[in-house]
Amino acid sequence: MKVVVEILEAGKYRDVAWEGQFVSAKGELRAVTPSYAAQLIKQSKASLYTDANGEMAFTYK
């Protein structure tokens, strides 16, 4: 399961060690692991994405 976050700071990111880096622009939505989402939110590099109903978005890939 992954959590959808909105990137607040453009840059290169790496969610898990065995996957490559990805480049994200400010405002882009990305699906990341819950632990990486927490790390990015704590560093003010991303915010938790919520839909029009105020609910979090999840993906299962």
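Two strands are said to pair if DSSP finds at least two bridges between them. With that term in hand, the tour of this predicted model can begin.

**First stop: strand β1**

Please select residues 2–7, which form β1. This strand is mostly covered, for five of its six residues are buried. Which strands lie beside β1, and in what sense do they run? One is strand β4, residues 29–32, which pairs with β1 in the antiparallel sense over four bridges. To view a point of this pairing, select Glu 6 and Leu 29: Glu 6 stands opposite Leu 29 in β4.

Next, add β5 to the selection; three bridges join it to β1, and the two run antiparallel. Here Ile 7 is the residue to display, as it stands opposite Ala 46 in β5. Finally, show strand β6, residues 58–59, which is joined to β1 by two bridges and is likewise antiparallel to it. Within β6, Thr 59 is the bridge partner of Lys 2.

**Second stop: the nonpolar core**

In soluble globular proteins, nonpolar side chains tend to be buried together. In this model, the largest nonpolar core has 10 residues: Val 3, Val 5, Ile 7, Tyr 13, Phe 22, Val 32, Tyr 36, Ala 37, Leu 40 and Ala 46. Both β1 and helix α1, residues 34–42, supply at least two residues each to this core.

Centre the view on Val 32, a member of the core. Leaving aside residues up to four places away in sequence, Val 32 touches Lys 2, Val 3, Val 5, Asp 15, Phe 22 and Ala 37.

**Third stop: Ser 24**

Move now to strand β3, residues 22–24, where Ser 24 is found. Is Ser 24 buried or exposed? Its relative accessibility is 3%, and therefore Ser 24 counts as buried, the cut-off being under 20%. Display the side chains of Ser 24 and Arg 30, which make a polar contact at 3.2 Å. Beyond residues up to four places away in sequence, Ser 24 touches Ile 7, Ala 10, Gly 11, Tyr 13 and Arg 30.

**Last stop: Leu 48**

Select Leu 48, which has its place in strand β5, residues 46–48. Leu 48 counts as partly exposed because its relative accessibility is 37%, a value between the cut-offs of 20% and 50%. Which residues does Leu 48 touch, not counting those up to four places away in sequence? They are Val 3, Val 4, Val 5, Ile 41 and Met 56.

To finish, draw a distance from Leu 48 to Tyr 60: they are 12 residues apart in sequence and 17 Å apart in space, C-alpha to C-alpha.

How values were computed
Residues are numbered from 1 along each chain as its sequence is written. This is a predicted model: local features need pLDDT of at least 70, side-chain atom pairs count only at pLDDT 80 or more; totals for chains, interfaces and linings use all residues. Side-chain values use heavy atoms; hydrogens and water are left out. A nonpolar core is a set of buried Ala, Val, Leu, Ile, Met, Phe, Trp, Tyr and Cys residues joined through side-chain atoms within 4.5 Å. Buried means under 20% relative accessible area, exposed over 50%, partly exposed in between (1.4 Å probe, protein chains only). Contact means heavy atoms within 4.5 Å. A polar contact is a pair of N or O atoms within 3.5 Å; within protein, one must be able to donate a hydrogen and the other to accept it, and residues adjacent in sequence count only if both atoms are side-chain atoms.
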